[in-house]
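Work through the following exercises with the sequence and the coordinates open beside you. Each task is followed by a solution that goes step by step.

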Amino acid sequence: MIANALRSTLGDALWRHSLRRHRSNMGWRQAPQYERYLARCRANFQGDLPDIGDLDQAVREFQQQGVTSFRTPETIAIAEGIRRKLEEREQSGQGAWGARTTESDDDTYVGDLWQDFPEVHDLLKGPLCAFLSHYYRCPPKFYYGLCYRSLRRSDRPSGSQLWHSDSGPGICTNVMVYLSDVGPDDGPLQVLPWDDSLPMFLRQRAIMRQRLRDAGERLDKLAQREILCSYYEEAIESGPKERVRTMTGPIGTVVPFFNNSLHRGGFPQAGHTRRALVLHCYPSHLPTDWSIYDKEGLKKRGSYPHDPSEPF
Ligand SMILES: O=C(O)CCC(=O)C(=O)O
Ligand SMILES: [Fe+2]
């Protein structure tokens with residue numbers, strides 16, 4: 001009994017330390033290797049960073065809050081190009097949207113973003129490369145990219161429509177790109193800045209232990225997740241509610257956010273639809289190898305790379 005209590009206390013302390021230091025929910029065994037990899041990428045990098053253009057303010061805001069947005073003539077042209085092709089594909093009867101997965105209530109684009117949309121090359125090589133290179137201070141690489149269509153399907157939000165953290169490596173940057181105008185009724189992404197998300201995580205383990213004990217029975221993963229999401233919801237409502245960033249924006253808006261910050265989105269009002277891309281981005285110790293995407297596309301192979309130095 002005492003040994004168990006000690007183990008929980010020690011486990012909690014190590015986990016809190018790792019959260020603060022590595023900005024990740026992965027735990028103290030896994031989280032540090034990603035930070036170390038970023039340091040190696042920076043040390044390896046020689047030469048000049050690409051021109052940042054007008055994005056320097058966005059990079060600064062991202063560093064401070066873990067969320068920002070930008071929109072330029074280039075991102076607008078890129079998003080409009082992709083939207084047009086998606087519409088053509090929908091109308092031609094070719095079918096653009098595949099089955100929903102257990103992780104997401106959204107329709108997922110059936111093809112590969114890199115292979116189907118040259119505009120995605122322009123996005124990754126242009127504005128995203130500039131933004132990420134200045135944030136990481138080394139070249140970026142892209143673990144996967146997906147395209148989603150969100151519709152109103154039920155009365156209650158579920159999955160990624162509820163507050164959650166993706167709980168991947170602290171160095172992972174999620175980037176959402178709107179392919180349609182996203183107003184308050186279109187299920188905008190909402191993000192709690194990192195400094196406000198962190199205290200929620202620091203209290204999470206003790207609170208979850210208590211709530212699971214109170215439930216009195218063994219709960220499956222889904223039921224546990226619901227309890228965790230309600231904890232986040234209550235803690236935000238009774239705390240930093242005013243600090244939540246609701247990322248509305250017209251087509252072509254790019255929204256980078258920390259993978260671990262609390263976020264939710266994609267729960268539009270009835271009759272509204274949102275289309276968006278999501279990319280998972282990392283630093284690279286080598287110059288970005290675009291030929292990998294020519295060969296393999298941007299399909300999702302896993303939630304995160306187990307070894308950040310692997311080529312992708
Ligand atoms: O659909 C949304 O706005 C939420 C997306 C999300 O949770 C994610 O990209 O990790
Ligand atoms: Fe998410």
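**Exercise 1. Compare the expected span of helix α4 with the distance between its end C-alpha atoms, and then work out how its buried residues are arranged.**

Step 1. Helix α4 covers residues 73-91, and at 1.5 Å a residue its 19 residues should span 27 Å, which agrees with the 27 Å between its end C-alpha atoms. The expected span is taken as 1.5 Å times one less than the number of residues, while helices (H or I, at least four residues) and strands (E, at least two) are DSSP runs, numbered from the N terminus. This is a predicted model, in which local features need pLDDT of at least 70 and side-chain atom pairs count only at pLDDT 80 or more, whereas totals for chains, interfaces and linings use all residues. Residues are numbered from 1 along each chain as its sequence is written, and chains are lettered from A and ligands numbered from 1 in the order in which they are written.

Step 2. A residue is called buried if 20 or more other C-beta atoms lie within 10 Å of its own, exposed if 12 or fewer, and partly exposed in between, with C-beta atoms placed from the backbone. In α4, Thr75, Ile78, Ala79, Ile82 and Leu86 are buried. Seen down the axis of α4, the buried residues fall within an arc of 90 degrees (the arc of the directions from the helix axis to the C-beta atoms), so they line one face of the helix.

Step 3. On the other side of α4, Pro73, Arg84, Glu88 and Gln91 are exposed. The cover over the buried residues of α4 includes α6 (118-125), α7 (127-136), β4, β7 (254-258) and β9 (273-283).

**Exercise 2. Repeat the analysis for helix α9.**

Step 1. The 17 residues of α9 (residues 221-237) should span 24 Å at 1.5 Å a residue, and the end C-alpha atoms are 24 Å apart, which agrees.

Step 2. Tyr232, Ala235 and Ile236 are the buried residues of α9. Viewed down the axis of α9, they fall within an arc of 100 degrees, so they line one face of the helix.

Step 3. Leu222, Glu234 and Glu237 are exposed on the other side of α9, and α8 (194-215) is included in what covers the buried residues of α9.

**Exercise 3. Determine how β4 is covered and which strands pair with it.**

Step 1. In β4, 6 of its 6 residues are buried. Thr173, Val175 and Val177 lie on one side, and Asn174, Met176 and Tyr178 on the other, so that both faces are covered. In a regular strand the side chains alternate between the two faces of the sheet.

Step 2. Two strands pair if DSSP finds at least two bridges between them. β4 pairs with β7 in the antiparallel sense over 5 bridges, and in β7 the bridge partner of methionine 176 is valine 255. β4 and β9 also run antiparallel, joined by 6 bridges, and threonine 173 has cysteine 281 in β9 as its bridge partner.

Step 3. Met176 and Val177 are, with Leu179, Ala276 and Leu277, the residues that touch the most other members of the largest nonpolar core, which has 67 residues. A nonpolar core is a set of buried Ala, Val, Leu, Ile, Met, Phe, Trp, Tyr and Cys residues joined through C-beta atoms within 7 Å.

**Exercise 4. Find where glycine 170 lies, and decide whether it is buried or exposed.**

Step 1. Glycine 170 is found in the loop between β3 (140-151) and β4 (173-178).

Step 2. With 21 other C-beta atoms within 10 Å, glycine 170 is buried.

Step 3. Not counting residues up to four places away in sequence, glycine 170 touches His22, Arg23, Ser24, Ala31, Tyr34, Glu35 and Asn260, where contact requires C-beta atoms, placed from the backbone, within 7 Å.

**Exercise 5. Describe the phi values and the surroundings of arginine 137 and serine 167.**

Step 1. Most residues other than glycine have a negative phi. Arginine 137 nevertheless has a positive phi of about 65 degrees, and serine 167 has a positive phi near 55 degrees.

Step 2. Arginine 137 is found in the loop between α7 and β3, and is partly exposed, with 13 other C-beta atoms within 10 Å. Serine 167 is found in the loop between β3 and β4, and counts as partly exposed with 15 C-beta neighbours inside 10 Å.

Conventions. Contact = placed C-beta atoms within 7 Å.
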